[in-house]
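Please look over the chain displayed below before reading on. The report that follows takes a newcomer through its overall make-up, one of its sheets, its empty spaces and a few individual residues.

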Amino acid sequence: MSILNSKSMRKFSNLLSLMQKGMVAQIWSIKVFQSEHMISTSCMETNLDTPSLQASDVRDVQAEFVADPFIITYKQKFYLFFEVFNKGSARGEIGLAISDDGAKWEYQRIVLRESFHLSYPQVFVIGDDVYMLPETSGAGRVLLYKAKQFPFQWEVVSVLFEGNFLDPSIVKHEDKWWIFAGSEGGNLHLFHADQLLGPWREHPHNPIITNDKRITRPGGRLVAMGSQLYRYTQDGSQYYGNSVRVFKVHTLSEFEYTDEEVSLVLRGTNKERDWRKDGMHHIDQLMISDTQWLVAVDGQRTKRWNYFAWKLDRIKSRMFS
């Protein structure tokens, strides 16, 4: 059998399998709530019955889901940036919702799209400037954006470093900038710089953790409490988007890294029709007072499609995008 015929047979076999089994999609939604605790399993016990944002809230594109929420405060308003998966382009794009009180959120529009997939839009403020570090692994580079006209116009201000890194998470700790980033195969990489725009240097022991999908892919913004630093990680050991764990960083230097697991903080409910039935994979926490945190999480439920219905939905989405 020729190579061409072999490839054709594999494609036909895959198509036949999809027609028989159908398509399975993860439908992600977002919940924002207040908590008295930063690191706590209370996130799993809080009443999160109704999501704050879901795909149906997105009005300017055909959205399959919303995920990866990050919050900032800016000029007395709350801004929530998140991934919108656009069915028309089949790529992630960055959406925005605004709130006066952190409870009621109004979707605005897509604020950033590229020719490659975007997700995980970590936003942070330095003085009067607002920056965004999204996942740009599809570009093969880690790109830093800055608001040209906040919150709707963004531009690339620096290529921090090259590589297909997943969910890069940035933090300034003890007068140095650090980025934790995942890579395929369950690896965690660490980079550091004296200035935000670099030059950025690799940790000499990169990857600092290897071959462990339970503890390596970042699952939200790093949180500093005094001199103590915490990092969140997606647990993808069973399947993508299963749960979130938190780790306390013990040693962080240009030459060493150690941490220890604190607890599992997010997981699915296994309740039928629950928006977070099948898993959770992201958390962001913003301190809004000495005793209160504003917390954003996401969760997913799986949806099984008939293959032809799924294909028709994608065609319609492309036509109207």
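Helices and strands are here DSSP runs, with at least four residues for a helix and at least two for a strand, and they are numbered from the N terminus. In this predicted model, the secondary structure of the protein chain comes to three helices and 19 strands. The protein chain has 321 residues, of which 55% count as buried. Among the contacts that join residues at least 6 apart in sequence, 50% are between residues at least 24 apart.

**An open sheet**

Three strands make up an open sheet, in which the order is β1-β19-β18 and the pairing is antiparallel. Because β1 (23-35) and β18 (279-287) stand at the edges and each has a single partner strand, one side of each is left without a neighbour in the sheet. Between neighbouring strands of this sheet the average turn is 20 degrees, with direction ignored. Strands of a sheet pair through backbone hydrogen bonds, in either a parallel or an antiparallel way. The antiparallel pairing of β1 with strand β19 (residues 293-305) runs over 13 bridges, and I30 stands opposite D298 in β19.

**Pocket and cavity**

Empty space left among the atoms can be shown by rolling a probe the size of a water molecule over them. The largest pocket has a volume of about 390 Å³, and its lining consists of 19 residues, of which F124, R221, L222, Q285 and L286 lie nearest its centre. Several strands supply at least two residues each to this lining, namely β2 (63-74), β6 (119-126), β10 (166-173), β14 (223-225) and β18. The strand that gives the most to the lining of the largest pocket is β6, with four residues.

A search of the whole structure for cavities of 30 Å³ or more finds one. The largest cavity has a volume of about 40 Å³, and the residues that line it are S169, F180, P218, G220, L222, R231 and Y232. L222 is thus named both among the residues nearest the centre of the largest pocket and in the lining of the largest cavity. The classes of the lining residues are set out below.

| Space | Nonpolar | Polar | Charged |
|---|---|---|---|
| Largest pocket | 14 residues | three residues | two residues |
| Largest cavity | four residues | two residues | one residue |

**Residues brought together from apart in sequence**

F85 is found in strand β3 (residues 77-86). Is F85 buried or exposed? Its relative accessibility is 15%, and F85 therefore counts as buried, since buried means under 20% relative accessible area. The C-alpha atoms of F85 and A63 are separated by 5.5 Å, although the two residues are 22 apart along the chain. With neighbours within four places in sequence left aside, F85 is in contact with Q62, A63, E64, F65, A90, R91, G92 and H117.

E254 has its place in the loop between β16 (243-252) and β17 (257-267). With a relative accessible area of 30%, E254 is partly exposed. H203 is 51 residues from E254 in sequence, while the distance from C-alpha to C-alpha is 6.1 Å. Leaving aside its neighbours within four places in sequence, E254 is in contact with H203 and also with K176, W178, H192 and P204.

**Backbone details in loops**

Which residues does a cis peptide bond with omega of about 0 degrees join? The bond is the one between F150 and P151, and P151 has its place in the loop between β8 (141-149) and β9 (153-162). The peptide bond from N206 to P207 is also cis, with omega near -10 degrees, and P207 is found in the loop between β13 (201-202) and β14.

A90, which is one of the contacts of F85, has a positive phi of about 60 degrees although it is not a glycine. This A90 is found in the loop between β3 and β4 (91-99). D175, likewise a residue other than glycine, has a positive phi near 65 degrees. The loop that holds D175 is the one between β10 and β11 (176-183), and D175 is exposed, with a relative accessible area of 68%.

Terms used. Residues are numbered from 1 along each chain as its sequence is written. This is a predicted model: local features need pLDDT of at least 70, side-chain atom pairs count only at pLDDT 80 or more; totals for chains, interfaces and linings use all residues. Side-chain values use heavy atoms; hydrogens and water are left out. Two strands pair if DSSP finds at least two bridges between them. Axes are lines fitted to C-alpha atoms, for helices over the stretch in contact, and angles run from 0 to 180 degrees between N-to-C directions. On a 1 Å grid over the protein atoms alone, a cavity is a set of points where a 1.4 Å probe fits but cannot get out, and a pocket is an open set with protein on both sides within 12 Å along at least five of seven lines; lining residues have an atom within 4 Å of a point. Grid points are joined across faces, edges and corners, and a volume is the space filled by probe spheres set on the points. Ala, Val, Leu, Ile, Met, Phe, Trp, Tyr, Cys and Pro count as nonpolar, Asp, Glu, Lys and Arg as charged, and the others, Gly among them, as polar. Buried means under 20% relative accessible area, exposed over 50%, partly exposed in between (1.4 Å probe, protein chains only). Contact means heavy atoms within 4.5 Å.
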